[in-house]
Amino acid sequence: MFSILAAKPKSSERNKTGSWRSTKMPRLLKKECINCGLCAYICPEGCIEGKDKNQYSVDLDYCKGCGLCAYICPKNDVKMVENQPQGESKEK
Ligand code: SF4
Ligand code: SF4
């Protein structure tokens, strides 16, 4: 259902967030993750990757701050927080 919305991960420099991410960014808490993969599946920018519990990460260079990953996470293990200053955008 969501596949028509998704872009290929990092497929274009045009997808880079640059200065226009929304006021929020996701933080993966890595405490309750059950490796369901929903956050990675729903992300329209394809910028969440992971293969095991509490091992998911987001490339904030491509994140637009839409909040879908936090919305879909069944364990509330993704929180939307205030944007960090430029240069501190790597969430690992
Ligand atoms: S907020 Fe989450 S779903 Fe939205 S673009 Fe960023 S990582 Fe992807
Ligand atoms: S949606 Fe939540 S529980 Fe599922 S893989 Fe992502 S962080 Fe883990």
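Let us start at N35, which sits in the loop between β1 and α1. This is a predicted model, and the loop is a good place to enter it. N35 is not a glycine, yet its phi is positive, at about 60°. Because only 12 C-beta neighbours lie inside 10 Å, and 12 or fewer is the cut-off, N35 counts as exposed.

Stay in this loop for a moment, as other residues there are worth a look. K30 also has its place between β1 and α1. Its phi is positive and near 60°, again in a residue other than glycine. K30 has 15 other C-beta atoms within 10 Å, so it is classed as partly exposed. G37 belongs to the loop as well, which runs between β1 (24-28) and α1 (38-42). With 13 other C-beta atoms within 10 Å, G37 is partly exposed. Follow G37 across space and you reach C69: the two are 32 residues apart in sequence, while their C-alpha atoms are 9.9 Å apart.

What about C33, buried or exposed? This residue is found in the loop between β1 and α1 too, but it is buried, because 21 other C-beta atoms lie within 10 Å and the cut-off for burial is 20 or more. Leaving out residues up to four places away in sequence, C33 touches K53, N54, Y56, K75 and D77. For one of these partners, Y56, the separation along the sequence is 23 residues, and the C-alpha atoms are 8.6 Å apart.

Now step back to the whole chain. Two helices and five strands make up its elements, and from the N terminus they follow the order β-α-β-β-α-β-β. Strand β1 holds R27, which counts as partly exposed because it has 17 C-beta neighbours inside 10 Å. R27 also shows how the chain returns to itself: M80 is 53 residues away along the chain, yet the two C-alpha atoms are separated by 6.1 Å. Contacts over long stretches of sequence can be counted for the chain as a whole. Among contacts between residues at least 6 apart in sequence, 72% join residues at least 24 apart.

Next comes the interior. The chain has 92 residues, and 22% of them count as buried. In soluble globular proteins, nonpolar side chains tend to be buried together. Here the largest nonpolar core has 16 residues, and those with the most contacts inside it are C39, C43, C47, I48, V58, C63 and C69. At least two residues of this core come from β1, and at least two from α2 (68-72). Take C39 as a way in: apart from its neighbours within four places in sequence, C39 is in contact with I48, Y56, C69, I72, C73 and V78.

Finally, turn to the ligands. Which residues come nearest to ligand 1? Of the 14 residues around it, they are C43, C63, C66, L68 and C69. Sorted by class, the shell of ligand 1 has ten nonpolar, two polar and two charged residues. Around ligand 2 there are 15 residues, of which C33, C36, L38, C39 and C73 come nearest. This shell divides into eleven nonpolar, two polar and two charged residues. The buried loop residue C33 thus turns up again beside ligand 2. C39, one of the core residues with the most contacts, is also among those that come nearest to ligand 2, while C43, C63 and C69 from that core list are among those that come nearest to ligand 1.

Technical notes:
Residues numbered from 1 in each chain as written. Chains lettered and ligands numbered in written order. Predicted model: local features only at pLDDT ≥ 70, side-chain atom pairs only at ≥ 80, totals over all residues. Helix = DSSP H or I, 4+ residues; strand = E, 2+ residues; numbered from the N terminus. Near = placed C-beta within 6 Å. Nonpolar A, V, L, I, M, F, W, Y, C, P; charged D, E, K, R; others polar. Contact = placed C-beta atoms within 7 Å. Core = buried A, V, L, I, M, F, W, Y, C linked by C-beta atoms within 7 Å.
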